[in-house]
Structure formats: structure tokens, C-alpha cells
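Biologist: Could you take me through one part of this model up close? I'm new to this, so plain words please.

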Amino acid sequence: MTDHTLEKRTHLYHRAGDHAVAVIAQVPEDGWDSPALGTWTVRTLVGHIGRSFTTVVEYSARPAERVDVADAAEYYLAIAGILADPEQIDARAVQAGLALGDDPLNAVRALRDRAAAALAADDRLIRTIAGGMWLSDYLPTRILELGLHSVDLARAIGMPEALPPEVAGNVLDLAVEVAQRRGDGQALMCALTGRGTLPPGYSIV
């Protein structure tokens, strides 16, 4: 994987991260315990958003010896079993929210800055929850998470939800690729062109 690829994806990751932090900055002082997404409060959702920074820091410090996961789409296919168990995700999100402490906004800013520092080096093989993969291939998964959950948070607090176009494009490209590899390409094509609908609650993550 070339440094040019890492540079491009790092730029998009920073755009997505800065946008997420900008949305978090709009959370009212008394809004952290308000409902946000499903059973999650705003604090829990923001904690989950913060994990898109902490995992970059943690995984960057865990070298891998081989490539187990070829790209971002394969990553989501590999963790499908984990995504099917919402209790695991909920537990991590709740803990991440609590870890933000009394000043969640500045805590998330600090996490963002730590992730930026972790990306200052060259591309490298890292050990993720799905196995070894190039850091540059992992980043699109974090861009997707930051983008989607920025929209979730904006909706929860009643703020404009528009993503930077290049971030939305990255999220859409990856979502379509995952859907295709799951065998849902034609169904998605029909839904996008007004020739059908996806099942209620359909999601690639």
C-alpha cells in the first residue's frame, strides 16, 4: 500500500473527524443524557464516535505479521458476527461514554488529536479486531463510522446533518461495496433507481 493512499485516506479521516467534533460541540450542556440512537443516550453515542479515534491509536500500536483482511469491505464482512451481537457493541459504547468524564467535548478533541499523531508515520500492518490489515485499508471503516454517527448525533440534537461531500462519498462507496459482496448488489441497485425497496432495517453495519 503506497503512502499516497495513506495520505489521501488520512485527509478524509481528518475531515470526518473534524466534522464529528464540530457536531459534538453543538450538544447542549444539559443534553448529554438525552435519547440519541436506539437505547443510547447522547453521551453513549458520542462515546461510540470517540472509538473511531481510540481504535486508530490502539491498533496502530499493535503490529501484525501478515494481511488477514484485504480491505475495508472485507473488514465488515469479517466482523459480521460481532455486529450481530448488539450487547457487545452497547457495552463498549456505554463504557466509552462514561470514560469521557465531565468534559466530553474536550475529551473527544483529545482523542482526535491522539489519532492524528498516530497517523503521522508511514503506512503499516496493524492488528485489528478482524485480523491483520494495512492501516490505510482500515481508515475507510473509521470514516464510515464517523460519518454515519455524525448524522445520527445531528438528528438527535436537532442540528443540520450534512456531511462534507467527500466524506459522504467515501461512506457510500464502502457501503455499496459491502452490499455487493454480501450478494445484495442488485437489490441495492433497484432501490437506488426506484425499482424496488430494501428490507426494513437493512444495514451493512
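Modeller: Sure, let's look at one helix and its partner, starting from a single histidine. Keep in mind that this is a predicted model. The residue is His48, and you'll find it in helix 2, which covers residues 42-60. Is His48 buried or exposed? His48 has a relative accessible area of 14%, and buried means under 20%, so His48 counts as buried. Leaving aside residues up to four places away in sequence, His48 touches Trp40, Ile89, Ala93, Ala96, Glu145 and His149.

Now for the partner, helix 5, which runs over residues 86-99. When two helices pack, people describe them by the angle between their axes and the distance between the axes. For helix 2 and helix 5, the angle is about 95 degrees and the axes lie 7 Å apart. That makes the two helices roughly perpendicular. On the helix 2 side, the contact is made by Arg43, Thr44, Gly47, His48 and Arg51. Helix 5 brings Ile89, Arg92, Ala93, Val94, Ala96, Gly97 and Leu98. So what kinds of residues meet there? Sorted by class, this contact has 5 nonpolar, 4 polar and 3 charged residues.

If you go back to His48 with that in mind, you can spot the link: Ile89, Ala93 and Ala96 are among the residues that His48 touches, and these three are also on the helix 5 side of the packing contact. His48 itself belongs to the helix 2 side.

Technical notes: Residues are numbered from 1 along each chain as its sequence is written. This is a predicted model: local features need pLDDT of at least 70, side-chain atom pairs count only at pLDDT 80 or more; totals for chains, interfaces and linings use all residues. Side-chain values use heavy atoms; hydrogens and water are left out. Helices (H or I, at least four residues) and strands (E, at least two) are DSSP runs, numbered from the N terminus. Buried means under 20% relative accessible area, exposed over 50%, partly exposed in between (1.4 Å probe, protein chains only). Contact means heavy atoms within 4.5 Å. Axes are lines fitted to C-alpha atoms, for helices over the stretch in contact, and angles run from 0 to 180 degrees between N-to-C directions. Angles under 35 degrees count as roughly parallel, over 145 as roughly antiparallel, 65 to 115 as roughly perpendicular and the rest as oblique. Ala, Val, Leu, Ile, Met, Phe, Trp, Tyr, Cys and Pro count as nonpolar, Asp, Glu, Lys and Arg as charged, and the others, Gly among them, as polar.
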